[in-house]
Amino acid sequence: MKKNILCALAIAAMMVSCNNASSKMDEQPSSGDASASGMKIAYVEVDSLMTQYDFAKDYSVTLEKKSNNARNTLTQKGNALQAAVNNFQQKINNNGFQSREQAAGVQAAIERQQRDLQELQARLENELASETAKFNVALRDSLQNFLNAYNKDKQFDLILSKAGDNILMANKKYDITNDVINGLNKRYKPAKKVEAAEETKKEEKK
């Protein structure tokens, strides 16, 4: 289950980084100097978003909780199934069943328990994959919406995503990552904070 969870989370890994330092908005954002072709270019270190974009960090915690809950549930169910199998085998060895029909009934129950566990595992994996896909869409949309607004003033011809080594070399003067992360964080309003603000407004009206 853990391997499957990690594979699902690998979808989001395109926007994951090990850099935990908090960034500050530059007083003078990257200008994205024109290249030799006359194009105005910039790039974003998308690998930094998961550790510096608050939405990504919050959602990562949610996904981790879901994966842990799923793993614990499957472990408990698996242990119960193994105990049933061991008990069945012990009774077979000790002639503990009064009849073949009784033994067959217990065996059928164990097989149903095994099928239920397999179905549960598949359902939990699908739920996690669906939640991860939902996160990826939301993350991509928030980034694209911000860049559309950001680029109205900056007027870049091309904004590249730098993830891992997909860009072998890039001059830091074209790096707008800090601007993007800080801009995204200013826009981000966690659900809990929104709910708290709404409750405060309701209390003030009373």
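In this predicted model, the cover over the buried residues of helix α5 includes strand β1 (41-45), helix α2 (49-52) and helix α4. The buried residues of α5 are T177, D179, V180, I181, N182, G183 and L184. Helix α5 itself runs over residues 177-187, and its axis lies 10 Å from that of α4, at an angle of about 110 degrees. The two helices are therefore roughly perpendicular to each other, since angles of 65 to 115 degrees are placed in that class. On the side of α4, the contact is made by S142, L143, N145, F146, L147, A149 and Y150, and on the side of α5 by D179, V180, G183, L184 and R187. By residue type, the contact of α4 with α5 divides into 7 nonpolar, 3 polar and 2 charged residues. Of the α5 residues in this contact, D179, V180, G183 and L184 also appear among the buried residues of the helix.

The protein chain as a whole has 206 residues, of which 31% are buried. It contains 6 helices and 2 strands, and from the N terminus on these follow the order α-β-α-α-α-β-α-α. The chain exposes about 13,800 Å², and carbon and sulfur atoms supply 50% of that area. Contacts between residues at least 6 apart in sequence were also examined, and 86% of them in the protein chain join residues at least 24 apart.

Helix α4 takes up residues 100-154, a run of 55 residues. At 1.5 Å a residue it should span 81 Å, and because its end C-alpha atoms are 80 Å apart, the expected and modelled spans agree. Helix α3, residues 54-93, was treated in the same manner. Its 40 residues should span 58 Å at 1.5 Å a residue, and its end C-alpha atoms are 58 Å apart, which agrees.

Two packed helices are described by the angle between their axes and the distance between the axes. For α3 and α4, the angle is about 170 degrees and the axes are 10 Å apart. This makes α3 roughly antiparallel to α4, as angles over 145 degrees are assigned to that class. The residues of the contact of α3 with α4 comprise 22 nonpolar, 8 polar and 4 charged.

The buried residues of α3 are F55, A56, Y59, L63, S67, A70, L74, L81 and F88. One of them, L63, has a relative accessible area of 2% and so is buried, the limit being under 20%. The C-alpha atom of L63 is separated by 7.4 Å from that of L128, although the two residues are 65 residues apart along the chain.

Two residues of α4 illustrate partial exposure. D116 is located in helix α4, and its relative accessible area of 48% makes it partly exposed. Between D116 and K77, the C-alpha distance is 9.4 Å, with their positions 39 residues apart in sequence. K154 also belongs to helix α4; at 23% relative accessibility, it counts as partly exposed. K154 and K40 are 114 residues apart along the chain, and their C-alpha atoms are separated by 9.1 Å.

The backbone was also examined just after α3 and α4. Most residues other than glycine have a negative phi, and most peptide bonds are trans. N95, which comes just after α3, takes a positive phi of about 50 degrees. This residue lies in the loop between α3 and α4. Its relative accessibility is 69%, so N95 counts as exposed, the class being set at over 50%. After α4 comes Q155, with a positive phi near 60 degrees. Q155 is likewise a residue other than glycine, and its place is in the loop between α4 and β2 (158-162).

How values were computed
Residues are numbered from 1 along each chain as its sequence is written. This is a predicted model: local features need pLDDT of at least 70, side-chain atom pairs count only at pLDDT 80 or more; totals for chains, interfaces and linings use all residues. Side-chain values use heavy atoms; hydrogens and water are left out. Helices (H or I, at least four residues) and strands (E, at least two) are DSSP runs, numbered from the N terminus. Buried means under 20% relative accessible area, exposed over 50%, partly exposed in between (1.4 Å probe, protein chains only). Contact means heavy atoms within 4.5 Å. Accessible areas come from the Shrake-Rupley method with a 1.4 Å probe; for residues, only the protein chains shown count as cover. The expected span of a helix is 1.5 Å times one less than its number of residues. Axes are lines fitted to C-alpha atoms, for helices over the stretch in contact, and angles run from 0 to 180 degrees between N-to-C directions. Angles under 35 degrees count as roughly parallel, over 145 as roughly antiparallel, 65 to 115 as roughly perpendicular and the rest as oblique. Ala, Val, Leu, Ile, Met, Phe, Trp, Tyr, Cys and Pro count as nonpolar, Asp, Glu, Lys and Arg as charged, and the others, Gly among them, as polar.
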